[in-house]
Amino acid sequence: MNLTKRLLTFVLLLPLVAAAQSITPAQIEQFKSLPKAQQEALARQYGVDLNALTGGNAASSRPQPVQVVEPVNQITDQERDKALAEQAEEQKTADKNNGLKPFGYDLFAGDPSTFAPVTEIPVPADYTMGPGDVLRIQLWGKENQNLELPVSRDGTISFPDSGPLSVAGLSFDEAREQIRTRVSEQYIGVQASVSLGELRSMRVFVLGEARNPGSYTVSSLSTITNALYVSGGIKQTGSLRNVQHKRDGKLLGTLDLYELLLNGDSRNDNRLQAGDVIFIPPVGKRVGIEGEVYRPALYELDGENSLAQLISMAGGLTPQAYPQRINIERTNEDFLRIIAEADYTSPKGRKATIQAGDRITIPSIADITGQYVEVQGAAVRTGKFAWVPGMRVSSLIKNLDADLSPVADKQYAAVVRTDPENDTISVLNLQLREAVRNPGGQQDLQLQEKDRLLFFSDAGKVDIESEADLAHQPDGKAKADEVSASDTFTREKLFEPVIQRLKAQASPTRPQQTIAISGPVRYPGEYPLPATQRLEDAIFVAGGLKDSASLYQAEIARYTVDENGVGQTHILNVNLTDAMAGRSNIELQSRDRVLIKSIPEFAKTRTIELKGEVRYPGIYTFRDGETLKDVLQRAGGLTENAFPRGAVFTREKLRQLEAQRLREAEERLQGDLLSVQLEGDNFGGQTSQRIQQVEGLLEDVQNSRPVGRMVIDLAAVLSDEDYQPIRLQDGDSLTIPTIPQAVSVFGEVQFPTSHLHQQGLTVDDYLERSGGPTRQADEDRVYVVKADGSVMLPERSQWFGGRSQQLQPGDTIIMPIDVDRLNQLELWTNVSQIVYQMALGAAAVGNL
């Protein structure tokens with residue numbers, strides 16, 4: 001009955017255990033009084049941790065660790081904003097110090113997502129036992145048993161059948177010896193092995209310039225650095241050299257984190273006890289060091305006062321450092337920034353005193369200063385190469401295809417040479433292909449120290465394919481790089497600094513060694529004066545002559561100073577054929593300007609297109625001075641169906657002029673239309689309708705295309721000898737239509753259309769057949785565009801009175817809009833002019 005009551009009590013408390021609710025000690029003791037086998041059976045049946053009830057892990061007898069650092073995904077927006085603000089402040093401080101950041105603070109950078117007490121490490125022998133620790137005791141011999149005995153709050157452990165044993169305050173070694181002694185005394189034939197199980201947690205304080213000051217629960221094995229990690233590290237305003245460890249208000253020691261960071265020395269990383277305080281004071285004196293050191297940063301001083309000590313903290317000098325002139329910038333007594341220098345190669349310089357606020361700059365050695373030659377431009381391998389005496393161009397460029405890029409000019413290269421005595425430069429021209437083909441020959445120049453070889457691109461090699469085509473090829477990127485290289489390594493760009501240097505070093509005793517060449521050469525421009533001073537060499541540098549160059553004449557404009565000291569220009573005529581053959585005795589001089597003349601009218605083709613009713617239509621090339629009649633005769637004349645009176649002759653120059661006028665008219669019309677819109681209801685409430693009409697006209701103007709028609713009488717051109725000849729221009733076009741049968745009516749009529757021509761019908765007859773004029777038509781301004789492009793005003797004709805004149809096939813009648821009814825503004829006059837131009841150029845041409 002008693003057992004049943006006990007089981008019933010346990011069953012009732014099981015839900016409480018599952019719900020992690022508080023259980024009274026009396027209930028736990030009642031469960032403990034059950035046999036162990038029944039305890040285990042009930043625990044398995046209800047899924048309860050047996051140790052949680054029996055106290056096997058001392059969970060109920062010691063403080064529980066708490067999570068003091070929240071996971072990253074649980075950080076609030078306020079905390080995130082705080083972190084961003086701190087980062088911004090740190091970056092602002094770094095900007096004030098030329099980008100230098102304080103050293104060592106990134107050791108604790110980042111927020112740990114969880115905190116697990118440090119337990120998976122060997123327990124030191126001097127570890128002090130306290131409440132919450134668990135001792136694991138293994139008994140073997142006459143009796144075998146495993147015990148886990150927690151240290152209770154009164155500092156004792158309870159031995160089975162032996163009574164309590166006080167261990168609090170003892171070291172682990174002392175507690176182990178006492179337990180072994182008791183086992184040997186009370187258990188005959190039994191030996192004991194003692195180890196530490198779970199360790200207690202304790203609460204410590206991290207204060208001062210910590211990122212997150214406060215109290216933290218840590219493992220009993222934790223040290224100062226463990227607590228610093230838990231608190232998020234040290235702010236940049238805190239000291240890394242003087243982290244203080246306090247207990248009961250007394251200073252136990254200090255930790256210099258520089259010793260840990262720079263030397264790996266953790267001797268002063270003391271172990272903490274419950275209630276200890278870690279105090280981080282403000283940062284001490286700082287100096288900055290930048291330049292050629294391995295760890296440029298701001299360093300906190302703590303006893304270091306020499307330059308050598310600071311450089312040692314910064315990792316030492318790099319191989320590129322120049323130690324003889326180290327720059328030290330500091331603030332003097334008058335609060336002014338001054339600059340001092342120290343020679344680090346001398347003992348005095350190494351002992352140079354550094355002060356708070358100093359900024360040390362370690363300069364770098366210069367680039368390679370000797371024993372080299374340099375390759376620039378369109379070469380596969382550019383840069384500086386070792387120079388050895390007797391070295392030639394062929395030593396660097398052995399194969400034109402392998403050593404130069406695909407876009408390189410393989411005919412010409414230049415050698416820029418520096419005179420070591422006066423530091424002036426000169427340019428030597430190189431026939432590259434000849435130099436590589438004949439190593440050691442005359443063109444294979446012997447290089448000197450610090451020579452620069454310039455290899456240029458050949459624009460003609462990339463003109464074959466457009467950049468758009470290259471992008472669609474499998475190796476489009478490589479091809480695009482070639483196009484870019486051809487633009488980068490031109491003669492103009494590579495020679496630009498050379499030309500500037502030649503101009504800068506010019507003097508009265510050494511004139512400027514440059515010339516200019518223009519005309520039909522491949523690369524006209526300004527070049528260094530060839531060392532040979534020969535014209536043929538200057539042309540070779542410019543890429544050679546084009547096929548349009550005239551070999552009969554060239555000019556050299558030479559600037560000279562006469563005996564009175566007055567500058568003047570002379571023109572020298574040169575036979576280019578003799579000069580290219582080396583038979584000319586003219587030598588180029590400073591500032592000469594060479595003009596290569598072009599063959600007049602070289603390869604200039606001028607064409608006219610004949611279309612329509614021509615016996616042999618097509619595109620004809622005409623000679624200078626040839627007329628339209630001459631070309632028509634070459635084309636076999638007109639066919640039997642030709643309508644010469646309606647021929648349309650267009651000229652490209654006129655078309656461009658019409659296009660310009662249309663653009664001007666469109667801009668003027670848009671401006672006037674805006675003015676009308678701003679005036680409001682000045683049109684008797686019909687503003688909206690009028691604006692729509694004008695917008696329609698504007699759209700017509702925008703959609704119109706210039707024709708470039710010139711009115712001619714083709715019949716007179718072919719048959720009348722007194723008619724003015726039509727001299728042709730390139731791009732002319734002649735379209736001869738077939739014999740038409742219609743008369744068209746356009747404009748403000750009821751039904752704009754074309755009508756079959758009937759003999760005897762007048763202008764009014766055709767208007768009537770199109771339904772007559774609309775309400776917006778201007779009947780007084782009707783005009784007729786004749787088939788040949790001319791315009792007739794029926795009412796004002798000197799030959800025909802009224803509109804009773806009979807029309808011919810191909811004519812077009814235009815009924816304009818009555819602009820006076822709309823408004824008397826300049827806007828409508830502009831519209832009228834535009835409509836007139838549109839009708840004149842488009843209506844007649846489109847209806848032949």
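**Salt bridges in close-up**

At 18% relative accessibility, Arg359 counts as buried, because the cut-off for that label is under 20%. This residue belongs to a predicted model, and the legends below visit some of the salt bridges, of which the structure holds 33.

**View 1. Glu329 and Arg359 join two strands.** Here Glu329 pairs with Arg359 in a salt bridge whose closest N and O atoms are 3.2 Å apart. Glu329 sits in strand β13 (residues 326-331) and Arg359 in strand β15 (residues 359-362), so this contact links distant parts of the chain, 30 residues apart. Widen the view a little and you will find both residues in a network of salt bridges with Glu290 and Arg337.

**View 2. Arg501 meets Asp423 across 78 residues of sequence.** The side chains of these two residues form a salt bridge, at 3.7 Å from N to O. Arg501 comes from helix α16 (residues 491-504), while Asp423 comes from the loop between β18 (408-418) and β19 (425-431), so the pair ties those parts together. Is Arg501 buried or partly exposed? With 32% relative accessibility, Arg501 counts as partly exposed.

**View 3. Arg558 and Asp592 form a buried pair.** The closest N and O atoms of this salt bridge lie 2.8 Å apart. Arg558 is in strand β23 (residues 549-561), and Asp592 is in the loop between α18 (576-580) and β25 (593-598), 34 residues apart. Arg558 has a relative accessible area of 10% and is therefore buried; Asp592, at 0% relative accessibility, is buried as well.

Conventions: Residues numbered from 1 in each chain as written. Predicted model: local features only at pLDDT ≥ 70, side-chain atom pairs only at ≥ 80, totals over all residues. Heavy atoms only, no water. Salt bridge = Lys/Arg side-chain N within 4 Å of Asp/Glu carboxyl O. Helix = DSSP H or I, 4+ residues; strand = E, 2+ residues; numbered from the N terminus. Buried < 20%, exposed > 50% of the residue type's maximum accessible area, 1.4 Å probe, protein only.
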